[in-house]
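Colleague: Got a few minutes to go through this model with me? I'd like to ask about the labels and hear the reasoning behind each one.

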Amino acid sequence: MKFSQLAQRLKATKSSLSCRPDHDPEIGGPADLRDAPPNTISYVEGPKFAKYIAETGAIALILPEAAALQQAAADRGLAWLSVPYPRLAFAQAIALFYQPFRPEPGIHPTAVVHPSVQVGREVSIGAYAVIQPDVVLGDQVCIHPQVVVYPGAQIGDRAILHAHCVIHERAVVGTDCVIHSGAVVGSEGFGFVPTREGWVKMEQSGITVLETGVEVGCNTTIDRPAVGETRIKAHTKIDNLVQIGHGCEVGQGCAFASQVGLAGGVTVGDRTILAGQVGIANQVTIGSGTTATARAGIIQDVASGQVVSGHPTVPHRQWLRQSALQQRLPEMYQTLKQLQQEIEALQNQLNS
């Protein structure tokens, strides 16, 4: 599309068109700032990336509301538009040029759909999918090939189930949810009772509920509990390879990076961010607005609004100080050893 059309659709607060209305290039699509081919658009999030304005091959840029960056783009003869949040505008630009594959509505002849299944309007069911008894599929649900939906599950309007994901019995997948390939929703929680004779299995009779707009990454597992429910609240985004144990409650608008693990009964407040490989122990409560940095090990409750790091976790600033001291341990050990030697020499002098 023309640059002027793109600027209008992204609701630019200012653009190079005000100075050069005749410079309205055709934009072929979005690209990475550092290796953008010609006729593409990219973005600069802030002054940290300003040096790439002089190097990029893009013909147009999305910029923050910063006069210096706008001037740098103008000096190179690039088309540019300015918005308060360039990264958000770039995401919107990608959506204008690219739409994920979505099959036409209909049921593939190789799919197995039980007669009791309630199928909404404009539903797509792909090849070799298996939809078991008493499932409810809302309007415009998209089920890709080889998905399995167990009995009694409910799939909300416009939900997308990618190939090879599994939705277990009585699980609830809300409207506009996306479940990526290999993910398992509502699998059995890890429930075993120790006895002298060995482990006795505790049947997991509860359910798993995903509210509106939840996205679950590839090969992530969300377990159902023995009783009650595991619940992921609205608009939470979960990366690949995440484990959420039985009976957990995850708040609204959270973001979990890859390899996060929640033991059973964990409660996570709204808008919490867990970076990669964060682990949370059984029955721990995490307050709203918390951020845990990568590989943090959380073994006790965390108050709202905290930033925590380390294993076990401490406030992030404290962890930074501890990490700096850790780098000095060899030097500190040598100093301590020298002081011990000096003390021993003084004691020997006194004794003699």
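Modeller: Sure, we'll take the labels one by one, bearing in mind that this is a predicted model.

Colleague: Start with the aromatic contacts. What makes F190 and F192 an aromatic pair, and why edge-to-face?

Modeller: The ring centres of F190 and F192 are 5.2 Å apart, and the cut-off for a pair is 6.5 Å, so they qualify as a pair. Their planes make an angle of 65°, and over 60 counts as edge-to-face, so that's the label. The structure holds two aromatic pairs, and this is one of them.

Colleague: Why is F190 called exposed?

Modeller: F190 has a relative accessible area of 67%, and exposed means over 50%, so the word fits. F192 has 34%, which lies between the 20% and 50% limits, so F192 is partly exposed.

Colleague: F192 also belongs to a strand, β20. What is β20 paired with, and how do you know?

Modeller: Strand β20, residues 192-195, is joined to β21, residues 198-201, by four bridges. Pairing needs at least two bridges, so the two strands count as paired. They run antiparallel, and T195 has G198 as its bridge partner. A hairpin of two residues leads from β20 to β21.

Colleague: On to the sheets. What makes β8 and β34 edge strands?

Modeller: They sit at the ends of an open sheet of nine strands, in the order β8-β11-β14-β17-β22-β25-β28-β31-β34, with parallel pairing. β8 (118-119) and β34 (285-286) each have a single partner strand, so one side of each has no neighbour in the sheet. For β8, that partner is β11 (residues 136-137), with two bridges in the parallel sense. V119 has L137 as its bridge partner there.

Colleague: Which strands are at the edges of the ten-strand sheet, and why?

Modeller: That open sheet has the order β7-β10-β13-β16-β19-β24-β27-β30-β33-β36, and its pairing is parallel. β7 (112-113) and β36 (297-298) are the edges, because each has a single partner strand and one side left without a neighbour in the sheet. β33 (residues 279-280) pairs with β36 over two parallel bridges, and I280 stands opposite I298.

Colleague: Why do you say both faces of β5 are covered?

Modeller: Look at the side chains of β5, residues 79-82: A79 and L81 are on one side, W80 and S82 on the other, and all are buried. Buried means under 20% relative accessible area, so each of these residues falls under that limit.

Colleague: And which strands does β5 pair with?

Modeller: β1 (residues 14-15) is joined to β5 by two bridges and runs antiparallel to it, with K14 and S82 as bridge partners. β4 (residues 60-63) has four bridges to β5 and runs parallel, and A60 stands opposite A79.

Colleague: What makes Q140 and H235 worth flagging?

Modeller: Most residues other than glycine have a negative phi. Q140 has phi near 60° and H235 near 65°, and both values are positive in a residue other than glycine. Q140 is in the loop between β11 and β12 (142-143), and H235 is in the loop between β25 (229-232) and β26 (237-238). With 28% relative accessibility, Q140 is partly exposed; H235, with 46%, is partly exposed as well.

Colleague: How do you know that the bond between H311 and P312 is cis?

Modeller: Omega is about -5° there, and the peptide bond joining H311 and P312 is cis. P312 is in the loop between β37 (307-309) and β38 (314-315). For background, most peptide bonds are trans.

Colleague: Last one: what makes the lining of the largest pocket nonpolar, polar or charged?

Modeller: It's a count by residue type: nine nonpolar, four polar and two charged. Those belong to a lining of 15 residues, with Y98, Q99, P100, F101 and I160 nearest the centre. Tyr, Pro, Phe and Ile count as nonpolar, so Y98, P100, F101 and I160 go in that class. Helix α3 (residues 86-97) gives the most to the lining, with three residues, and the pocket's volume is about 260 Å³.

Note on methods
Residues are numbered from 1 along each chain as its sequence is written. This is a predicted model: local features need pLDDT of at least 70, side-chain atom pairs count only at pLDDT 80 or more; totals for chains, interfaces and linings use all residues. Side-chain values use heavy atoms; hydrogens and water are left out. On a 1 Å grid over the protein atoms alone, a cavity is a set of points where a 1.4 Å probe fits but cannot get out, and a pocket is an open set with protein on both sides within 12 Å along at least five of seven lines; lining residues have an atom within 4 Å of a point. Grid points are joined across faces, edges and corners, and a volume is the space filled by probe spheres set on the points. Rings of Phe, Tyr and Trp (its six-membered ring) pair if their centres lie within 6.5 Å; planes under 30 degrees apart count as stacked, over 60 as edge-to-face and the rest as tilted. Buried means under 20% relative accessible area, exposed over 50%, partly exposed in between (1.4 Å probe, protein chains only).
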